[in-house]
Amino acid sequence: MPLQNRVDPLGNLFRTHARGTMMGNRGGALHNSAQEIVRSYKSRRWITCLLEFKGRSRKVMSEGRYTELFFLDEATSFAAGHRPCAECRRERYNAFRDACGA
């Protein structure tokens, strides 16, 4: 059974085998040791990241680590309330920050 870590445009988490083109998180672990979602967010720092960055690799939904969420695309992540990551997507983050500050 697939994990409940895909996000729709309304911000709902659902199960599917598809991962999407973007990854992100909602500020921490949303899952328990059985990889079940137990809360919808940990903080309001919701970000969207690249699927691959500097060769880093993670086991999805590791115990005690943040919950990896997946989005169809950037538009879906924005609609769900996530912003670009300031580390792996610096150019998009700067544009987002500038647009929000205007």
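Helices here are DSSP runs of H or I with at least four residues, and strands are DSSP runs of E with at least two. With that settled, I can start on the chain. Please keep in mind that this is a predicted model.

On that definition, the protein chain has 2 helices and 6 strands. Going along the sequence, the order is β-β-β-β-β-α-β-α. The radius of gyration is 13 Å, close to the 13 Å that the globule rule gives for 102 residues, so the chain is as compact as a globular protein of that length. If you want a box around the C-alpha atoms, it is roughly 45 × 30 × 25 Å along the principal axes.

Next, some totals for the chain. Of the 102 residues, 37% are buried. Take the contacts with a separation of 6 or more: 59% of them join residues 24 or more positions apart. The accessible surface comes to about 6300 Å², and carbon and sulfur atoms hold 50% of that. As for charge, there are 18 positive and 10 negative side chains, and the centres of these two sets are 5 Å apart.

Now the cysteines. How many disulfides does the chain have? The count is 0. A disulfide would need two cysteine sulfur atoms within 2.5 Å. For Cys85, the nearest cysteine sulfur belongs to Cys88 and is 3.8 Å away, and Cys85 is in no disulfide. Cys85 has a relative accessibility of 9%, so this residue counts as buried. Cys100 is another case. Its closest cysteine sulfur is the one in Cys85, at 15 Å, which is too far for a bond. Is Cys100 buried or exposed? Cys100 counts as exposed, because its relative accessibility is 54%.

I will go through the loops in sequence order. His17 is in the loop between β2, residues 13–14, and β3, residues 22–25. With 69% relative accessibility, His17 counts as exposed. Along the chain, His17 is 16 residues from Met1, and their C-alpha atoms are separated by 8.2 Å.

After β3 comes the loop that leads to β4, residues 47–49, and Gln35 lies in this loop. Its relative accessibility is 24%, so Gln35 counts as partly exposed. Look at the backbone here. Most residues other than glycine have a negative phi. Gln35 has a positive one, near 60°.

The same kind of backbone angle turns up at Met61, where phi is near 55°, again positive in a residue other than glycine. Where is Met61 placed? Met61 is in the loop between β4 and β5, with β5 covering residues 69–71. Met61 counts as buried because its relative accessibility is 2%.

Glu63 is also in the loop between β4 and β5. This residue is exposed, with a relative accessible area of 65%. Which residues does Glu63 contact, once neighbours within four places in sequence are left aside? They are His31 and Ser33. There is also a C-alpha distance to give for this region: Glu63 and Asn32 are 31 residues apart in sequence and 7.0 Å apart in space.

Then the helix α1, which spans residues 74–79 and includes Ala79. Ala79 is partly exposed, at 49% relative accessible area. In sequence, Ala79 and Pro9 are 70 residues apart, yet their C-alpha atoms are 5.0 Å apart in space.

The last stop is Glu87, in the loop between β6, residues 83–84, and α2, residues 90–101. Glu87 has a relative accessible area of 47%, so this residue is partly exposed. Setting aside neighbours within four places in sequence, Glu87 is in contact with Phe53 and Arg56. Its C-alpha atom is 21 Å from that of Met61, with the two positions 26 residues apart along the chain.

To recap: this is a predicted model with 2 helices and 6 strands. By the cut-off I gave, there are 0 disulfides. Gln35 and Met61 are the two positive phi values I pointed out. That is my part done.

Key. Residues are numbered from 1 along each chain as its sequence is written. This is a predicted model: local features need pLDDT of at least 70, side-chain atom pairs count only at pLDDT 80 or more; totals for chains, interfaces and linings use all residues. Side-chain values use heavy atoms; hydrogens and water are left out. The radius of gyration is taken over C-alpha atoms; the globule rule is 2.2 Å times the number of residues to the power 0.38. Buried means under 20% relative accessible area, exposed over 50%, partly exposed in between (1.4 Å probe, protein chains only). Contact means heavy atoms within 4.5 Å. Accessible areas come from the Shrake-Rupley method with a 1.4 Å probe; for residues, only the protein chains shown count as cover. Lys and Arg count as positive and Asp and Glu as negative; His and the chain ends are not counted. The place of a charge is taken as NZ of Lys, CZ of Arg, CG of Asp or CD of Glu.
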